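Grab a viewer and work through these exercises at your own pace. Try each task before you read the solution under it.

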Amino acid sequence: MPKTNGTLGFFENVNRSFDRAARFLTYPEGLLKQVRTCNSVYTVHFPIKTQHGYEVISGWRVQHSHHKAPCKGGIRYAPEVSEHEVKALAALMTYKCALVDVPFGGAKGGVQIDPNRYTPDEIERITRRYTAELIKKNFIGPGVDVPAPDYGTGGREMAWIFDTYASFYPGQIDATACVTGKPITQGGIQGRVEATGRGVYFGLREACEQAEDMKRIGLSPGLADKTVIVQGLGNVGYHAAKFCREGGCRIVGIAEYEGGIYNPRGLDVDAVLAHRRETRSILDFPGAENIRPSSDTLERECDILIPAALENQITEANAPRIQAKIVAEAANGPVTAQAEDILSARGVWIIPDVYLNAGGVTVSYFEWLKNLSHVNLGRMGKRFEQSAFDRILHTVERLTDTWLPEAERRSIVHGADEIDLVNSGLEETMITAYHQIYEEWKGDARIPDLRTAAFISAMKKIAVSYMELGIFP
Ligand code: NAD
């Protein structure tokens with residue numbers, strides 16, 4: 001629900017960013033209003049018999065923008081899900097897709113359940129029924145609206161969505177493209193599971209390479225030896241932590257539901273995950289200090305704080321105590337508008353969600369393309385590339401009379417597999433988008449921050465779409 005105590009709700013926060021950016025644009029008011037408004041909102045309530053008796057489940061699908069088709073956005077399962085939250089998340093998707101140049105309108109779905117209260121069988125029935133409700137109103141389809149995983153959902157739920165859709169439309173040749181984030185065997189793509197976390201790493205790395213900005217916040221350029229705290233060890237948080245660690249960072253703190261752990265010498269993220277699987281808690285991890293309540297972990301000393309759980313985690317209450325110099329928004333909406341003002345006044349650099357977690361939708365786009373083309377990425381070109389590299393290398397070896405060891409030769413002539421292409425496309429996307437936003441930011445001294453610059457960049461692209469349709473002058 002929107003907050004009523006003077007603090008802004010999530011959707012108002014997103015619209016505040018929009019309004020801030022709109023001040024730097026000269027489009028007609030009607031056009032801006034059209035871009036800002038949610039185009040379609042669908043609410044469903046359906047009954048399900050569970051171990052708790054008969055329950056009425058509430059769900060939503062919001063299509064924020066139809067300026068491009070299909071719409072695209074994840075489905076969230078959480079007890080706090082509301083129409084207001086889904087609208088905010090759908091709006092963010094519109095700007096996110098525009099930023100990373102994926103040709104989709106923004107959408108989002110939500111089902112108001114705590115997945116931990118249900119058996120897998122019950123979650124399957126809820127997922128299939130929710131999908132059937134979307135089908136009834138034409139709110140899902142390869143060219144209409146394409147869901148993906150979000151908080152509380154993953155490949156398993158996407159497989160059920162695909163299977164339900166395919167059984168309603170037997171013979172529809174493009175049915176696999178009705179949802180992304182599917183398991184590989186169901187038409188998924190290599191690298192989608194880790195895509196959002198990997199994208200967070202690429203975006204953060206790019207930001208940290210800007211020497212001037214790093215100097216401003218008192219850090220040396222690059223990720224090497226930066227200390228990091230991560231909130232949420234789920235899909236996005238785990239992968240972001242893993243790739244940042246591989247990229248040279250030291251993960252000093254992790255916060256989960258049950259509490260936090262902190263070790264200034266560094267934490268092995270995989271070992272923490274294994275410990276949590278075994279003991280059902282990250283607490284009591286060998287060598288680390290336990291922190292309770294969990295939210296106190298965010299206030300510990302570090303260079304980079306990565307909130308990767310839910311929205312509204314950094315508020316006016318804890319923002320004054322955040323010690324990080326960079327807040328990297330891996331989750332959607334983790335910093336409230338009031339907290340953003342406090343952090344910015346204290347010189348904390350925020351890398352905004354609308355850009356930083358766009359890796360998921362980027363690789364979902366690759367999966368959608370793969371499904372529509374009915375061929376694995378890399379299948380057509382890999383061998384051809386490999387033999388071309390082999391011939392070039394052989395010529396160089398012959399001319400220089402230098403013969404490489406077989407292992408080295410194999411690594412050089414290797415043609416691109418699906419995972420190589422996905423990761424290369426993701427890296428390219430995150431770097432290109434960062435520099436588009438950065439140029440916008442540095443191009444006008446009045447633009448206060450990276451978030452406003454990101455919204456300006458996205459809004460310009462969306463406005464052009466409407467103008468090219470001739471709807472607005
Ligand atoms: P997830 O369900 O896989 O993981 C979330 C984790 O956060 C869980 O382990 C949960 O226990 C933990 N958590 C929840 N509340 C917490 C709290 N108060 N303190 C500490 N830990 C807490 O979800 P996810 O897919 O990783 O999504 C996380 C965020 O990233 C969400 O905001 C989501 O919208 C955003 N996001 C996800 C994707 C994606 O591809 N999955 C893409 C873009 C953005």
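**Exercise 1.** How many residues surround the ligand, and which are the closest?

*Solution.* Keep in mind that this is a predicted model. Step one is to collect every residue with a heavy atom within 4 Å of the ligand. That gives 22 residues. Step two is to pick out the closest ones, and these turn out to be Arg76, Asp150, Thr196, Val236 and Glu256. Step three is to sort the shell by class: nine residues are nonpolar, nine are polar and four are charged.

**Exercise 2.** Find polar contacts between the protein and oxygen atoms of the ligand, then work out how much of the ligand gets buried.

*Solution.* Use a cut-off of 3.5 Å between N or O atoms. Start with Arg76: an N or O atom in its side chain sits 2.8 Å from a ligand oxygen. Next try Asp150, where a polar side-chain atom is 2.7 Å from an oxygen atom of the ligand. Then switch to the backbone, because Asn235 uses a polar backbone atom, 3.0 Å from a ligand oxygen, and the cut-off is 3.5 Å. Now for the area: on its own the ligand exposes 840 Å², and the protein buries 88% of that.

**Exercise 3.** Where does the ligand lie with respect to domain 1 and domain 2, and why?

*Solution.* Begin with secondary structure. Helix 8 (235-246) and strand 7 (250-256) each give at least two residues to the shell. Now go up a level to the domains. Domain 1 (39-97 + 104-185) contributes shell residues and domain 2 (189-381 + 416-473) does too, so the ligand lies between them.

**Exercise 4.** Search the whole structure for cavities of 30 Å³ or more, and describe what lines the largest cavity.

*Solution.* The search turns up one such cavity. The volume of the largest cavity is about 130 Å³. Its lining is made of 14 residues, and nearest the centre you'll find Asn13, Val14, Ser17, Val335 and Arg451. Next, assign the lining to elements: helix 1 (10-22), helix 10 (337-345) and helix 16 (450-468) each supply at least two residues. Helix 1 has the largest share, with five. Finish with the classes, which come to six nonpolar, three polar and five charged residues.

**Exercise 5.** Which residues does a cis peptide bond join, and which non-glycine residue has a positive phi?

*Solution.* First, the background: most peptide bonds are trans, and most residues other than glycine have a negative phi. Scan omega and you'll hit Ala69 and Pro70, joined by a cis bond with omega about 0 degrees. Pro70 is in the loop between strand 2 (53-63) and strand 3 (71-77). Arg292 and Pro293 are joined by a cis bond as well, with omega about -5 degrees. Pro293 sits in the loop between strand 9 (289-291) and strand 10 (304-307). Then scan phi: Arg280 comes up with about 65 degrees. Its place is the loop between helix 9 (269-279) and strand 9.

Conventions:
Residues are numbered from 1 along each chain as its sequence is written. This is a predicted model: local features need pLDDT of at least 70, side-chain atom pairs count only at pLDDT 80 or more; totals for chains, interfaces and linings use all residues. Side-chain values use heavy atoms; hydrogens and water are left out. A polar contact is a pair of N or O atoms within 3.5 Å; within protein, one must be able to donate a hydrogen and the other to accept it, and residues adjacent in sequence count only if both atoms are side-chain atoms. Accessible areas come from the Shrake-Rupley method with a 1.4 Å probe; for residues, only the protein chains shown count as cover. Helices (H or I, at least four residues) and strands (E, at least two) are DSSP runs, numbered from the N terminus. Ala, Val, Leu, Ile, Met, Phe, Trp, Tyr, Cys and Pro count as nonpolar, Asp, Glu, Lys and Arg as charged, and the others, Gly among them, as polar. Domain bounds come from an automatic or database domain assignment. On a 1 Å grid over the protein atoms alone, a cavity is a set of points where a 1.4 Å probe fits but cannot get out, and a pocket is an open set with protein on both sides within 12 Å along at least five of seven lines; lining residues have an atom within 4 Å of a point. Grid points are joined across faces, edges and corners, and a volume is the space filled by probe spheres set on the points.
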